Amino acid sequence: MQASLSLEEVTEAALDRSVYPSPPDLAMLFLREDDRLVLQGARPELLTLCRKEVQVSMGECLCGLALEAGKPVYSPDIHEDPRSTLTACKEWGMRSFAAMPLWGGEGVLGVLGLAWAAAQDVEAQANFLETSVGEIAMGLNNALLYRELQQHARELDRRVRERTEQLQVANKELEAFAYSISHDLRAPLRAVSGFAQIIARRHKAALNEEGRHYVDNIVLASERMAHLIDDLLTYSRLGRQALKLRALDLGKVVKQAIDNLTDRVEATGAIINLPGDWPTVFGDQTLLQQICTNLLDNALTYHQPGVVPELRLTWSMEDGQIILAIADNGIGIPPEYQEKIFNVFQRLHSDEDYPGTGIGLAIVKKSAIMLGGQVWVESEVGKGSTFYIKLPKE
Amino acid sequence: MPRPAHILLVEDNRLDIELTLDAFKEARLGNSVYVAKNGEEAMDYLLGRRQFGDREEYPLPDIILLDLKMPGMDGFEVLRRVKAEPEVKRIPVIILTSSREEGDLALSYDCGANSYLTKPVSFEGFLKVVQQVQDYWLILNIGPPKEQE
């Protein structure tokens, strides 16, 4: 018999009557379901029309006894045999019968029933029958295990799909929430900031020094909150916006990011060293721009007091991916924070010392992941940090 | 000197209305502004329905400044209806919103917006936007012909 994992093929082989020296006139394959046998197939196909109904209980008739005992049950003449309680085989003109249990790894898997219309000395064929049934049982065992495995795989697949869908829905809801809350926060903020600025412009003379100081505080705080909302919106938009992936000149993207920061570069007097040539990377222009701008902005922000920021940008290739390194001579990051800084709202410094929203690096990380890349940092406190971004080349 | 232009501001937020009007005042624009506090009122005004029957008192605006997010009939719906009405479809509609979402941008232009501006958070930014709206839409730009004149 062929090594097949398909239950249909195994059934087909089990019911092939031509392999027996004295081919039976009827072959039935029952599969075990708990304490019952359920007809899986029969040859000739006279039984297949009613196969759903053909069930035999444990201990019932010859096949039920074979299931119960786990041993073959032979009957030379079922018409004379008191154990043969069911009438069907007799009505179909059968006389001799062999009920062969099919043993698998975990017990009896089913019973093969063979019947002959002419009287047979079935016990004389026991050796041959038991050998062939052993092979059938092995095939059946494999096919059933395989079916179970497939069911598990399908179930697992279904669950993964279900969970993924749930996660996607939750993610969408969260992003929609961040989006709407950011918008809803903007309107009152505009009022706070707008009217405070109107007071500062037109009514400063009417205020005493304390009053002017407080108005300035309101204006400053609302500007800070505006940045926070902008960054939150950018972060929430990352997951919702479609990516436009194409080959990009990394040099152009970096130079554009530096242009965006011209004011900050001039204010800090920063020195920025760039490589002479640049590779092409595969990515989304907006996201890549965002990554570079945020990292350069950080390098300009977190510099040591009284030290001119010096940035060095280099790139290398590893396993067909481009790694961009942005090194600074800034204050550095303690080892225990080098992973945490990429989380939303993780800040290491007060806003007084170093202004920031705590979202910039989270945006960098999320963008890098969306581009199929990654980002990490190497840093030494008091010496500086190097941020690395790995990006696909193709 | 351009003749004072008339502006229809469609905006539901009371404080945003006040800020916008204040910015108009500060920018010393001699324009008249009518404020519609929701989409329904804006359509009534534009089509001369209800109390807006008198065009002397409620003239058709030279431009419409339109907020997107309003309860009831939102800015997109106002935009669609304006662009479907022969009498008012040529009036430039300038979206004035706090949203920078690509989806909102795309839908606005799909519905026939003539311009899309975001509301800055700072008052100085607001002043600048109002001044630029005046300079471009009411001075530099040549608007649609007025059939009644």
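**A sheet, two helices and a buried asparagine**

Colleague: Happy to look at this predicted model with you! In which sense do S4(A) and strand S5 of chain A pair, and over how many bridges?

Modeller: Strand S5 of chain A covers residues 96-104. S4(A) pairs with S5(A) in the antiparallel sense, and the count of bridges is three.

Colleague: Which residue in S5(A) stands opposite A:Ser75?

Modeller: A:Ser75 belongs to strand S4 (73-75) of chain A. Across from A:Ser75, in S5(A), stands A:Phe97.

Colleague: What is the order of the six strands in the open sheet of chain A?

Modeller: The pairing in this sheet is antiparallel. Strand S3 (55-57) and strand S4 (73-75) of chain A are the edge strands, each pairing on one side only. Neighbouring strands are turned by 25° against each other on average, direction ignored. The order in chain A is S3-S2-S1-S6-S5-S4.

Colleague: Nice! What angle does the direction of helix H2 of chain A make with that of S5(A)?

Modeller: Helix H2 spans residues 61-69 of chain A and packs on the sheet. H2(A) touches S1, S2, S3, S4, S5 and S6 of chain A. Its direction and that of S5(A) make an angle of about 30°.

Colleague: Moving along, is A:Asn294 buried or exposed?

Modeller: A:Asn294 lies in helix H8 (residues 285-301) of chain A. Leaving aside residues up to four places away in sequence, A:Asn294 touches A:Gly360, A:Ile363 and A:Val364. The relative accessible area of A:Asn294 is 14%, and the cut-off for buried is under 20%, so A:Asn294 is buried.

Technical notes. Residues are numbered from 1 along each chain as its sequence is written. Chains are lettered from A and ligands numbered from 1 in the order in which they are written. This is a predicted model: local features need pLDDT of at least 70, side-chain atom pairs count only at pLDDT 80 or more; totals for chains, interfaces and linings use all residues. Side-chain values use heavy atoms; hydrogens and water are left out. Two strands pair if DSSP finds at least two bridges between them. Helices (H or I, at least four residues) and strands (E, at least two) are DSSP runs, numbered from the N terminus. Axes are lines fitted to C-alpha atoms, for helices over the stretch in contact, and angles run from 0 to 180 degrees between N-to-C directions. Contact means heavy atoms within 4.5 Å. Buried means under 20% relative accessible area, exposed over 50%, partly exposed in between (1.4 Å probe, protein chains only).
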